[in-house]
Amino acid sequence: MLNHAKAEYYAHPTAQELDLDEERTRQTVRLVAQAAEDRKAEDITVLKVSEVSYLADYFIIVTGFSHVQVRAIYQAISKQVEQDAQRVPISIAGQREGSWILIDYGDVVVHIMLPEDREFYSLEAFWGHAERVNWSTL
């Protein structure tokens, strides 16, 4: 599925360009999840939302157990994705507060949340119709 985030890259993408773009997206998901895991994030959930939303292709939701850990997870993800995929976020929100940091790469949106915020906002339930994906097999 061609989401609006991908449309900005190609006016008329070829099949090969779409395959490369999909691989770039999968690489970003793997890098985000691995960096989060390396920083001891818990309950790493990857939702493939491309079939149910135009907002992104994947949402990644992870839990950090303190403001410091949430920020550390964000920094690790940002550094890893920039280093290995040469990508920087389109936007970042919540850095100052550190209870819910959102990193938007366009095709991949990352939510790093404290347990109480994750439970309260229940993004997995809201996006329950999206496919859950095992990131290590992407």
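How many of the 138 residues in the protein chain are buried, as a percentage? Buried residues make up 46%. Keep in mind that this is a predicted model.

Let's start with the layout. The protein chain has five helices and six strands. Along the sequence they run α-α-β-β-α-β-β-β-α-α-β. Now the contacts. Take those in the protein chain with a separation of 6 or more. Of these, 60% join residues 24 or more positions apart.

Next, the interior. The largest nonpolar core has 28 residues. Which of them touch the most other members? Ile77 and Ile112 do. Several elements give two or more residues to this core. On the helix side they are α2, residues 15–38, and α3, residues 67–85. On the strand side they are β1 (42–48), β2, β4 (100–104) and β5 (108–113). The largest share comes from α3, with seven residues.

Stay with Ile77 for a moment. Set aside its neighbours within four places in sequence. Ile77 is then in contact with Val32, Ala35 and Ala36. Ile77 also contacts Ile103, Tyr105, Val110 and Ile112. So Ile77 and Ile112, the two residues I just named for touching the most other core members, are in contact with each other.

There is a second, separate core as well. This one has ten residues, including Val49, Phe59, Val109 and Leu123.

Phe59 brings us to the aromatics. A search of the whole structure finds four aromatic pairs. Phe59 and Trp127 form one of them: their ring centres are 5.1 Å apart and their planes stand at 85°, so this pair is edge-to-face. Where do the two residues sit? Phe59 is in strand β2, residues 58–63. Trp127 is in the loop between α5 (123–126) and β6 (131–133). The pair therefore ties together parts that are 68 residues apart in sequence. Phe59 and Trp127 are both buried.

Compare Phe120 and Tyr121. They also form an edge-to-face pair, 4.9 Å centre to centre, with 90° between the planes. Are these residues buried or exposed? Phe120 is exposed, at 64% relative accessible area. Tyr121 is partly exposed, at 42%.

One more aromatic point. Phe59 and Trp127 are joined by Phe126 in one aromatic cluster.

Last, the surface. The protein chain exposes about 7,500 Å². Carbon and sulfur atoms supply 51% of that area.

Definitions and conventions. Residues are numbered from 1 along each chain as its sequence is written. This is a predicted model: local features need pLDDT of at least 70, side-chain atom pairs count only at pLDDT 80 or more; totals for chains, interfaces and linings use all residues. Side-chain values use heavy atoms; hydrogens and water are left out. Rings of Phe, Tyr and Trp (its six-membered ring) pair if their centres lie within 6.5 Å; planes under 30 degrees apart count as stacked, over 60 as edge-to-face and the rest as tilted. Helices (H or I, at least four residues) and strands (E, at least two) are DSSP runs, numbered from the N terminus. Buried means under 20% relative accessible area, exposed over 50%, partly exposed in between (1.4 Å probe, protein chains only). A nonpolar core is a set of buried Ala, Val, Leu, Ile, Met, Phe, Trp, Tyr and Cys residues joined through side-chain atoms within 4.5 Å. Contact means heavy atoms within 4.5 Å. Accessible areas come from the Shrake-Rupley method with a 1.4 Å probe; for residues, only the protein chains shown count as cover.
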